[in-house]
Amino acid sequence: MAVTEAQDGYYYTEKHEWVKIEGDIALIGITDFAQNALGDIVFIDLPKVGKQISKNDSLGTIESVKAAEDLYSPISGEVVETNGSLGSNPAAVNAEPFVTWMVKLKNIQTNELSSLLNVSQYKEYVSKLD
């Protein structure tokens with residue numbers, strides 16, 4: 001069974017994205033499980049600032065030496081910032097998946113958080129994938 005890291009204070013999707021709420025902003029990234037499954041990440045395509053995103057909409061794509069996958073938003077909101085450093089250093093996601101956010105959203109729909117997994121639910125979900 002694969003061991004995966006998950007942290008308190010985050011909400012998780014079954015597609016292995018995370019969201020962390022800081023004030024009225026949502027930070028979105030991918031989990032340790034996702035970065036491990038993808039392998040060495042070589043490219044990340046993110047949405048433009050100002051784009052309205054609905055829950056489960058594509059946020060862009062992430063490419064690794066193994067595969068290319070869509071990124072999906074765990075929550076609705078408006079893109080207020082993307083992590084520009086990922087253009088030159090996408091592998092930062094591999095090194096620190098819970099520190100390396102990809103997108104920040106404002107005007108978030110916090111009522112949607114109740115449909116996401118907490119840390120214990122996510123760890124249980126991942127443990128059943130092997």
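A hairpin joins E6 to E7 through three residues, where strands (E, at least two residues) and helices (H or I, at least four) are DSSP runs numbered from the N terminus. The structure is a predicted model, in which local features need pLDDT of at least 70 and side-chain atom pairs count only at pLDDT 80 or more, while totals for chains, interfaces and linings use all residues. Residues are numbered from 1 along each chain as its sequence is written, and side-chain values use heavy atoms, with hydrogens and water left out.

The two arms of the hairpin, E6 and strand E7 (residues 68-72), run antiparallel and are joined by five bridges; two strands are taken to pair if DSSP finds at least two bridges between them. Within this pairing, Gly 60 stands opposite Leu 71 of E7.

Elsewhere, six strands form an open antiparallel sheet, and a walk across it meets them in the order E1-E2-E3-E9-E8-E5. E1 and E5 are the edge strands, each pairing on one side only. At the E1 edge, two bridges connect E1 to E2 in the antiparallel sense, and Tyr 11 has Val 19 in E2 as its bridge partner. At the E5 edge, E5 pairs antiparallel with strand E8 (residues 77-82) over two bridges, and Ile 53 stands opposite Gly 77 in E8. E8 also pairs antiparallel with E9, here over four bridges, with Lys 106 of E9 as the bridge partner of Glu 78.

What lies inside? A nonpolar core is a set of buried Ala, Val, Leu, Ile, Met, Phe, Trp, Tyr and Cys residues joined through side-chain atoms within 4.5 Å; buried means under 20% relative accessible area, exposed over 50%, and partly exposed in between (1.4 Å probe, protein chains only). The largest such core has 24 residues, and those with the most contacts inside it are Ile 30, Ile 44, Ile 62, Leu 71, Ile 75, Met 102 and Leu 105. Two or more residues come from each of strand E3 (25-30), helix H1 (32-38), strand E4 (41-45), strand E6 (58-64), helix H2 (92-95) and strand E9 (103-106). E3 gives the most, with three residues. Apart from this core lies another, of 13 residues, including Ile 25, Leu 27, Val 119 and Val 126.

Ile 75 of the largest core has a wide set of partners in sequence: beyond its neighbours up to four places away, Ile 75 touches residues including Val 19, Ala 26, Ile 28, Ile 53, Leu 105, Ile 108 and Leu 113, contact being heavy atoms within 4.5 Å. Asp 57 lies 8.8 Å from Ile 75, C-alpha to C-alpha, at a sequence separation of 18 residues. The place of Asp 57 is the loop between strand E5 (52-53) and E6. With a relative accessible area of 32%, Asp 57 is partly exposed. Leaving aside neighbours within four places in sequence, Asp 57 is in contact with Leu 71, Tyr 72 and Ser 73.

The aromatic residues make a story of their own. Rings of Phe, Tyr and Trp (its six-membered ring) pair if their centres lie within 6.5 Å, with planes under 30 degrees apart counted as stacked, over 60 as edge-to-face and the rest as tilted. By this rule there are six aromatic pairs. Tyr 10 and Phe 98 meet edge-to-face, at 5.2 Å centre to centre and 75 degrees between the planes. This pair links distant parts of the chain, 88 residues apart: Tyr 10 is in the segment before E1, and Phe 98 in the loop between H2 and E9. Tyr 10 is buried, with a relative accessible area of 8%, and Phe 98 is buried at 6%. Tyr 12 and Tyr 122 have ring centres 4.5 Å apart and planes at 15 degrees, so this pair is stacked. Here the link spans 110 residues, from Tyr 12 in strand E1 to Tyr 122 in helix H3 (residues 119-127). Both Tyr 12 and Tyr 122 are buried. Ring pairs gather Tyr 10, Tyr 12, Trp 18, Phe 98 and Tyr 122 into a cluster.

Tyr 122 also has a polar partner: a polar contact of 2.6 Å joins its side chain to that of His 16. Such a contact is a pair of N or O atoms within 3.5 Å; within protein, one must be able to donate a hydrogen and the other to accept it, and residues adjacent in sequence count only if both atoms are side-chain atoms. His 16 lies in the loop between strand E1 (11-12) and strand E2 (17-22), and is buried, with a relative accessible area of 11%.
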